[in-house]
Amino acid sequence: MASAPQIGTQVPDFTLPGGVLTGDRFERRDYVLSLQRGRPLVLAFYPGDDTSVCTKQLCSYSSGLEQLQDQNAEVWGISPQDVDSHDRFARKYDLRMPLLADTDRRVARAFGVTAPGIGLRRAVFLIGSDGTLHWKHVALLGATFQSLDTLARHLGGMATT
């Protein structure tokens, strides 16, 4: 397993297929991390679409998206399911953030969040507008998730540093 990026270092670039629910359309495209430079990014790795804790987590982030966007941040959800699964998941719960498909877990390995038996650890990485890692949380157990308020607080701290 690769080690996760360290605070203050550049995060590894990647490109993943995904989509975002806009109105009643799920708009598919490739998401390239390096093209996100210029604004903060929240990467939320989650084990699976339409599972209880993942659904609560992503619904929380989606319903509070404006709070993060007010800090000029975007949120990307990343899991091993394919884009068709993400389409169904986003429509079912009206999720308004991009959902990216890491079907071969290549990106999860690069961020050090794969785990034997469970596949993928629930994790959040806050990446600054310059592409460096400012904060991270990798869960040992996936039963809980970092709250929207916690993310907003850390994003606010990035703006002052």
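1. Which residues is Asp-102 in contact with, leaving aside its neighbours within four places in sequence? In this predicted model, the contacts of Asp-102 beyond those neighbours are Leu-16, Ile-78, Ser-79, Pro-80, Gln-81, Val-107 and Ala-108. Asp-102 itself sits in the loop between E5 and helix H4 (106-110).

2. Asp-102 deserves a second look. The residue is buried but has no salt bridge. Arg-106 is the nearest side chain of opposite charge, at 5.5 Å, and the cut-off for a salt bridge is 4 Å. A polar atom of the Asp-102 side chain does lie 2.8 Å from the backbone nitrogen of Ala-108.

3. On the hydrophobic interior: the largest nonpolar core has 27 residues, and Leu-58, Tyr-61, Leu-99, Leu-126 and Leu-151 have the most contacts inside it. Two or more residues come from each of strand E3 (41-45), helix H1 (52-63), helix H2 (65-69), helix H3 (83-93), strand E5 (99-101), strand E8 (123-127) and helix H5 (148-160). H5 gives the most, with five residues. A second core, separate from this one, has 22 residues, among them Val-11, Leu-41, Ile-78 and Leu-100.

4. Leu-99 can serve as a point of entry to the largest core, being one of the residues with the most contacts inside it. Not counting residues up to four places away in sequence, Leu-99 touches Pro-17, Gly-18, Gly-19, Tyr-46, Leu-58, Gly-77, His-86, Phe-89 and Ala-90.

5. The "active site" annotation comes from an unreviewed UniProt entry and covers Cys-54. This residue is in helix H1. Cys-54 counts as buried because its relative accessibility is 1%, where the limit is under 20%. Beyond its neighbours within four places in sequence, Cys-54 is in contact with Tyr-46, Pro-47, Gly-48, Phe-89 and Arg-122.

6. Helix H3 has Val-83, Ser-85, His-86, Asp-87, Phe-89 and Ala-90 as its buried residues. Their cover includes strand E1 (15-22), strand E2 (25-32), H1, strand E4 (74-79) and E5. At the N-terminal end of H3, Asp-82 acts as a cap, with a side-chain oxygen 3.2 Å from the backbone nitrogen of Asp-84. Just after the helix, Asp-94 takes a positive phi of about 55 degrees.

7. The salt bridges number six. In one of them, the side chains of Asp-84 and Arg-28 meet at 2.8 Å, N to O. This pair links helix H3 to strand E2 across 56 residues. Both partners are partly exposed, Asp-84 at 40% relative accessibility and Arg-28 at 45%.

8. Arg-28 also forms a salt bridge with Asp-87, with the closest N and O atoms 3.2 Å apart. Asp-87 is in helix H3 and Arg-28 in strand E2, so this bridge ties together parts 59 residues apart in sequence. Unlike the partly exposed Asp-84, Asp-87 counts as buried, at 13% relative accessibility.

9. Elsewhere, Glu-74 and Arg-39 form a salt bridge in which the closest N and O atoms are 3.7 Å apart. Glu-74 lies in strand E4 and Arg-39 in the loop between E2 and E3, so the pair ties together parts 35 residues apart in sequence. Glu-74 is buried at 17% relative accessibility, whereas Arg-39 is partly exposed at 27%. Through shared salt-bridge partners, Arg-28, Asp-84, Asp-87 and Arg-91 are joined into one network.

Key. Residues numbered from 1 in each chain as written. Predicted model: local features only at pLDDT ≥ 70, side-chain atom pairs only at ≥ 80, totals over all residues. Heavy atoms only, no water. Core = buried A, V, L, I, M, F, W, Y, C linked by side-chain atoms within 4.5 Å. Buried < 20%, exposed > 50% of the residue type's maximum accessible area, 1.4 Å probe, protein only. Helix = DSSP H or I, 4+ residues; strand = E, 2+ residues; numbered from the N terminus. Contact = heavy atoms within 4.5 Å. Lys, Arg positive; Asp, Glu negative; His and termini not counted. Polar contact = N/O pair within 3.5 Å; in protein donor to acceptor, adjacent residues only side chain to side chain. UniProt positions renumbered as here; feature names shortened; annotations may be inferred.
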